[in-house]
Amino acid sequence: MSKIKTLEDLMKIKEKAVKELQLRDTGKRGKITVAMGTCGIAAGAKDTLKAVVEALSENNINDVSVVQSGCMGLCEVEPTVEVRLEGQEPVVYGHVTPENAKRIVKLHIMSNQVVTDLLVRRGEI
Amino acid sequence: MKPMLVLVSVDSNSVLLGAKHFVNYLKDLIGKYGLQDTVDVLETGTMGVYTQGVVMAIFPDDVYYSVRSTEDVEKIVTEHLLKGRSVLSLEIPKDRLKLVVEKEKVSAETRIVLRNVGSIDPRSIDEYIARDGYFALHKVLSEMRPQQVLECVKASGLRGRGGAGFPTGLKWEFTAKVQADQKYVVCNADEGEPGTFKDRLIMEGDPHSVIEAMTICGYAVGATKGYIYIRGEYYGSVDNIQKAIKDAYEYGFLGKDIMGSGFDFDLTVRLGAGAYICGEETALLESIEGKSGRPRLKPPYPPTNGLFGKPTVINNVETFANIPQIILNGPEWFKSFGTAGSPGTKVYSLVGNVVRRGIVEVPMGTTVRDLIYRFGGGLVGGKDLYMVQTGGTAGTFIGIDKLDAPLDYDSFKNYGVSIGSGVILAMSDEVCPVDVALNTMQFFAHESCGKCTPCREGTRLAVQILERMSKGQGKLEDLETLKQIAYVTQEASLCGLGQSINVPLLSIVENFRNDFIEHLKASSCPHGVCEFIKIQKSKVKT
Ligand SMILES: Cc1cc2nc3c(=O)[nH]c(=O)nc-3n(C[C@H](O)[C@H](O)[C@H](O)COP(=O)(O)O)c2cc1C
Ligand code: SF4
Ligand code: FES
């Protein structure tokens, strides 16, 4: 990595990063974000993340990306997972155990059904 | 009216599903668990919700269930009505409740500090840059003189989010004005205030915002070295901050000649060992210097005589996290949020008996009521709110008469409600103020560093008195003694710990005076919490 000296350098990284983020999303239907703050991890987010990745690969889904983030602030219902599919409102699920993660992949990702019993928030913050 | 209401939808359809039977079963269970006085059951017509079961709605929680068997009813009674936990597997999501009267919308948060938290990958510097990260640093280094940065921060009206609310721009200016061969920037990430966890959220979710801000601060005040003092248990924060520092060095946002400007800045992490007092700025500086964490006598203050005796800016994590946005968007933009005296937003940790415990960021001036009911979803199980602790252990205890106080850095002065570090701890009447006061003073007695007598002995005495009261052996004079302790400790202590004990102690004794008085007279704790020792109190009057 070379040092950034000028605004152009910085813009270049930004453009590249924005593009990469888009690239990650283009050709993709959407993304699943697993909140990996301390409360999330304490509530089992690592297993959740693993289950999401496994469920996607078991079902040969490669048009949905999986990313990690900090905590979304919904500590009461950790582990939390956000699903963003193209053209749809983002949906946040709570209490996502590995089993629930599999259900989310099966229902929401594969058959476009919101898993209503796990739903905690819809729409942008 | 009883505090909780269960509405059961009974119509031609649901009767076939067993609605009548469920209502009877529900009433039986309510009797069995002794909930007759708290829960009402009403039958109502169709609720316009079509599920495969009978719809039961619980108020004020505003939770709707689809019930298909008596086991479901039992779950709702034992989990929700008794323990206040929703039964997720039976719950009908709100968006399916088409005909139910449109609920007041949960108001959106206003995110300045948390704008990236929960949405970017905190371990990717590129994602931070994609969200305009390090553009503020570039702007500062390429277009602004240090004096202009100071003016900008001063004009924004930003005040310290660590609790005391000191104007940040002014603090920076004190340090900038002093001539010295070395100056420092320190980030206070000790986050010791019980119940607070906002700084952790920021460091875990958006570590670069803190690093960028500290570098900007270094440029503004002429400091070339920075320390982030993180409490040791915050593994996730330490990890993400360290990764972020490493990446920032690689990109040249830290180190020598940052972005070709000729400005150098180095940043290091130091770990705290879990003492509350090490969050106090001078004790923290001692700790960084490798000494034991005892406060220094002030003045002189850190801006002129700080770390290793050199001029030092010390700010809280959340304070710093505001800086890049202020630089990019300007002070006027920042002042469009919040109140005149306290612009911007505040990140709150909602804890205690609220339904949605967690973190919210809202404009300064939001009332305690809104925080608890609009953002926190009210109290679990529809219980009555009795007491709220605002601002952390060093903050205030208030009753429900003060819920409409708009919180900012003047609300303590104006309404006796402290914003402190942004904790909102909601408590139902199942807690007892005397017990809470005891607990609070035990905390201070334990955390007092012992350096000065009023604080060390005052807290110990207060604990003794409160212990007596909580055993039903208090005297009326004890209340006066508690107040005396509060005043003396405030006046005569060396550091902020002792100096602010009066805030929690006086607020609880004054706002909940009746509870204390009752403990003197009653034969058992009115809240059923404290265990009275029953001796000599048996003179029966006839
Ligand atoms: C006993 C005590 C504990 C404190 N703990 C913290 C803390 O954990 N985090 C914090 O930011 N400030 C804490 N403070 C406040 C700091 O002393 C200092 O005011 C603050 O770091 C200044 O930063 P700010 O202006 O950005 O708020 C504490 C103060 C006292 C007296
Ligand atoms: S006031 Fe308390 S914590 Fe502060 S120096 Fe004195 S004894 Fe230590
Ligand atoms: S802080 Fe992690 S879940 Fe809220």
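This report covers the ligand site, the chain interface and some local backbone features of a predicted model.

**Ligand 1**

The shell around ligand 1 has 18 residues. Coming nearest are Gly162(B), Lys171(B), Asn315(B), Asn316(B) and Thr319(B). By class, the shell holds 9 polar, 6 charged and 3 nonpolar residues.

Oxygen atoms of ligand 1 make polar contacts with chain B. The table lists three of them.

| Residue | Part of the residue | Distance to an oxygen atom of ligand 1 |
|---|---|---|
| Thr319(B) | side chain N or O atom | 2.7 Å |
| Glu281(B) | backbone N or O atom | 3.0 Å |
| Glu191(B) | polar backbone atom | 3.2 Å |

On its own, ligand 1 has 610 Å² of accessible area, and the protein covers 89% of that. Two elements of chain B each give two or more residues to the shell: β8 (312-316) and α19 (496-499). The largest share comes from β8(B), with 3 residues. Asn315(B) and Asn316(B), both among the nearest residues, fall within the 312-316 range of β8.

**Interface of chain B and chain A**

How many residues of each chain are in contact here? Chain B brings 40 residues, and chain A brings 35. The area buried between the two chains is about 3,200 Å². Carbon and sulfur atoms give 59% of it. Three residues stand out on the chain B side: Leu88(B), Phe135(B) and Tyr251(B). Together they supply 17% of the area that chain B buries against chain A, more than any other three residues.

Polar pairing is also present. The interface has 10 residue pairs in polar contact, counted where both residues are at pLDDT 80 or more. It also has 3 salt bridges. One pair is Asp257(B) with Lys5(A), whose side chains meet at 3.5 Å, N to O. In general, side chains of opposite charge can pair when their charged atoms come close.

Which elements of chain B supply at least two residues each to the side that touches chain A? They are α4 (125-130), α5 (135-143), α8 (198-205), α10 (235-251) and β10 (358-363). Phe135(B), one of the three residues named above, sits at the 135 end of α5. Tyr251(B) sits at the 251 end of α10. The side of chain B that touches chain A has 18 nonpolar, 13 charged and 9 polar residues.

**Salt bridges and the loop before β8 of chain B**

Over all chains, the structure holds 36 salt bridges. One of them joins Lys298(B) and Glu280(B), with the closest N and O atoms 3.3 Å apart. This pair links distant parts of the chain, 18 residues apart. Lys298(B) lies in the loop between α11 and β8 of chain B. Glu280(B) lies in the loop between β7 (266-272) and α11.

The bond that follows Lys298(B) is also notable. The peptide bond from Lys298(B) to Pro299(B) is cis, with omega near -10°. Pro299(B) is placed in the loop between α11 (281-288) and β8. Glu281(B), whose backbone lies 3.0 Å from an oxygen atom of ligand 1, falls at the 281 end of that α11 helix.

**Chain A**

Chain A has 4 helices and 5 strands. Their order from the N terminus is α-β-α-α-β-β-β-α-β. The C-alpha atoms fill a box of roughly 50 × 30 × 25 Å along the principal axes.

Two backbone features of chain A deserve a look. Most residues other than glycine have a negative phi, and most peptide bonds are trans. The peptide bond from Glu78(A) to Pro79(A) is cis, with omega near -5°. Pro79(A) is in the loop between β2 (64-69) and β3 (81-85). Asn112(A) is not a glycine, yet it has a positive phi of about 60°. This residue, Asn112(A), belongs to the loop between α4 (98-111) and β5 (119-122) of chain A.

Technical notes:
Residues are numbered from 1 along each chain as its sequence is written. Chains are lettered from A and ligands numbered from 1 in the order in which they are written. This is a predicted model: local features need pLDDT of at least 70, side-chain atom pairs count only at pLDDT 80 or more; totals for chains, interfaces and linings use all residues. Side-chain values use heavy atoms; hydrogens and water are left out. A residue is near a molecule or strand if one of its heavy atoms lies within 4 Å of it. A polar contact is a pair of N or O atoms within 3.5 Å; within protein, one must be able to donate a hydrogen and the other to accept it, and residues adjacent in sequence count only if both atoms are side-chain atoms. Accessible areas come from the Shrake-Rupley method with a 1.4 Å probe; for residues, only the protein chains shown count as cover. Ala, Val, Leu, Ile, Met, Phe, Trp, Tyr, Cys and Pro count as nonpolar, Asp, Glu, Lys and Arg as charged, and the others, Gly among them, as polar. Contact means heavy atoms within 4.5 Å. Buried area is the accessible area (1.4 Å probe) that two parts lose on being put together, summed over both. A salt bridge is a side-chain nitrogen of Lys or Arg within 4 Å of a carboxyl oxygen of Asp or Glu.
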